Structures are given as structure tokens and as C-alpha cells.
Amino acid sequence: MRLNWKASLPGGICGLLLVSAMLATGSLAAQEAAASASTESQREATALLKSMADYLASMDYFRCTTTNGYETVQSNGQKVEFGETREIFLARPNRLRVEEVSSDGLSDLTLFDGRQITTVSAGFNVYAQAPQPPSLEDALVYFVRDLRMRAPLALLLSTHVRTDLLELAKNVEYVESTKVGRKDAHHIAAQSESVDFEFWIADGKKPLPLRVVITYKTAPGQPKFWSDISHWQTNRKLSDKRFQLALPEGARQIPFAVQLSALGATPPGAGAGQVTP
């Protein structure tokens, strides 16, 4: 038995950054956000955030590695950190592959192949599938909102990042010029109603996010999520084979947990305080 980690994550972490923004209507224009910035620090930080969002939305293909950490608040109030690494492969308009290894060594795969969404748990040799909405943007929303699956930093994978991130960000400030590893970076901070967040954005012609820190200020214990984003490849077309499904031998198909809940069944491991992830 292990500490409850996935069940104790703040709800917003599933899609941050951010399905709440992806579901919003009437996004503010980037020019409006820039105009509302009243100080030089705010104007510079807003411009950097906009350039990062525009660059992410402009790419037809990319791959990167994220190293993520989560503070989870247990039933006794203690914060415990868990983590994962994710290899992300994206090909617009409708394909995504995420290979995850959690801090306990278990491996998972999420695949949007343009026709269906598949998640595979190698540790338990099971998989679940559902029809995929036509666009990657709609598929991400469906994955998080309807299937209730985790997709950290989902908005950064969507072309909606171009407008929705600036709508989300309030009180944007430039913190400092610094380095992430050996890369020159701009550190900026911003707020929304429910979270505080920080970005470290690469300096230069490719303003890619290198690090993200999110504080869930309205959640009990104000837990944090952080992600270091590295090994960016932005100029190489990804092979179609990358998005072909190859199931492990003997893998058994199961429903998504939300589908079990709809049938009145209890998902495995839904104990109080202690679960096996």
C-alpha cells in the first residue's frame, strides 16, 4: 500500500496550464492584456509571455521532456512530493504521444492517434480507449474534463495557448534575468484567481518554456507543482510510426475510471488515505 498521490492532487492540476482557460469563452486579445500592463516590468513580462505562447502555437511538430514534481497534501496535513518524467511528441492537427515514468518506476502511455485516445498502464498490463474528437484542442479538453485524466500543462500543447494564457494571467511581473541549466532565461511571475505561477522562458529567437512552477493557493495546504522542460526539438518532422499504437503482449482492455463510476462501480484502489497508484 502506498500514500494517496493521484487522488490528493488539486483538481486544477489535471489540466494546468490550463483546461479552465481552454474551456473559457471570449478570450481577451493579447493587445488588451499588454495595454493593461502599467509598468515597464509588467509590459516586458507580458510581451515575453505572449512571445512564448505565440511560438508554442505556431509549431506543427515538437518533442520535449518534462520532469515534474507534485506536492500532495495527505489526510493528516503532511505534504509529500511525488514525481514523473514525460516524453512528449506532438504533431498537429490531431496527434499526441506522452510516455510517462512515475517516481515509483511504473510506466504509462497516452496516445492520441487522430482516431482514438488510448491510455496504457504497462505496470498492470491494461489499457483503455475512447473515440478521439477531431482536433487536438477538443481532444485535450475531452481527455481532462470528460474522461477525468491527468494532462499536466495541457494548455501549452494547444493552439489556444496564444489567447487563453494571457487571459488567465493577472499581475504579470518580470522577476529577473537568469539561467536554467546553461540556458539564458527570463523569469516571470503571474497570478490567476486560484493559482500563482511562474515561467522561465528561454532568451532568444525560440522563447520556449524551460521551467514552470504553480502554487495552488486556494487548495488546502497550498501545494505546488513544478516542471523542468528540456530536450526541445522543434524543427524535425515526427515519423508517423511515432503515433502508431503497439500494445504490450497480453494487455487487457478496461474502461476509463469515469466510465466505471457512471456504471456505479468503484474504481480499484479507491481507499481512504492509502492507495496503490
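Start by selecting Asp 113: with a relative accessible area of 17%, Asp 113 is buried (buried means under 20% relative accessible area, exposed over 50% and partly exposed in between, using a 1.4 Å probe and protein chains only). Now add Arg 115, which counts as exposed at 61% relative accessibility. Their side chains meet in a salt bridge, 3.5 Å from N to O (that is, a side-chain nitrogen of Lys or Arg within 4 Å of a carboxyl oxygen of Asp or Glu).

A quick word on what you have open: this is a predicted model, where local features need pLDDT of at least 70, side-chain atom pairs count only at pLDDT 80 or more, and totals for chains, interfaces and linings use all residues. Residues are numbered from 1 along each chain as its sequence is written, and side-chain values use heavy atoms, with hydrogens and water left out.

How many salt bridges does a search of the whole structure find? It finds 14.

Next, select Arg 86 and Glu 100. They form a salt bridge whose closest N and O atoms are 2.8 Å apart. This pair links distant parts of the chain, 14 residues apart: Arg 86 sits in strand 3 (residues 79–91) and Glu 100 in strand 4 (residues 95–102). Strands (E, at least two residues) and helices (H or I, at least four) are DSSP runs, numbered from the N terminus. Are Arg 86 and Glu 100 buried or exposed? Both are buried.

Move on to helix 3 (residues 40–58) and pick out Lys 50 and Asp 54, which lie about one helical turn apart because they are four residues apart in that helix. Their side chains meet in a salt bridge of 2.7 Å, N to O. Lys 50 is partly exposed at 30% relative accessibility, and so is Asp 54, at 21%.

Keep helix 3 on screen and add helix 5 (residues 161–168). The two axes come within 8 Å and cross at roughly 150° (axes are lines fitted to C-alpha atoms, for helices over the stretch in contact, and angles run from 0 to 180 degrees between N-to-C directions). That makes helix 3 roughly antiparallel to helix 5, the word for angles over 145 degrees.

Last stop: show the side chains where the helices meet. In helix 3, look for residues including Leu 49, Met 52 and Leu 56; in helix 5, they meet Val 161, Arg 162, Leu 165 and Leu 166. Contact here means heavy atoms within 4.5 Å.

How values were computed: Parallel < 35°, antiparallel > 145°, perpendicular 65-115°, else oblique.
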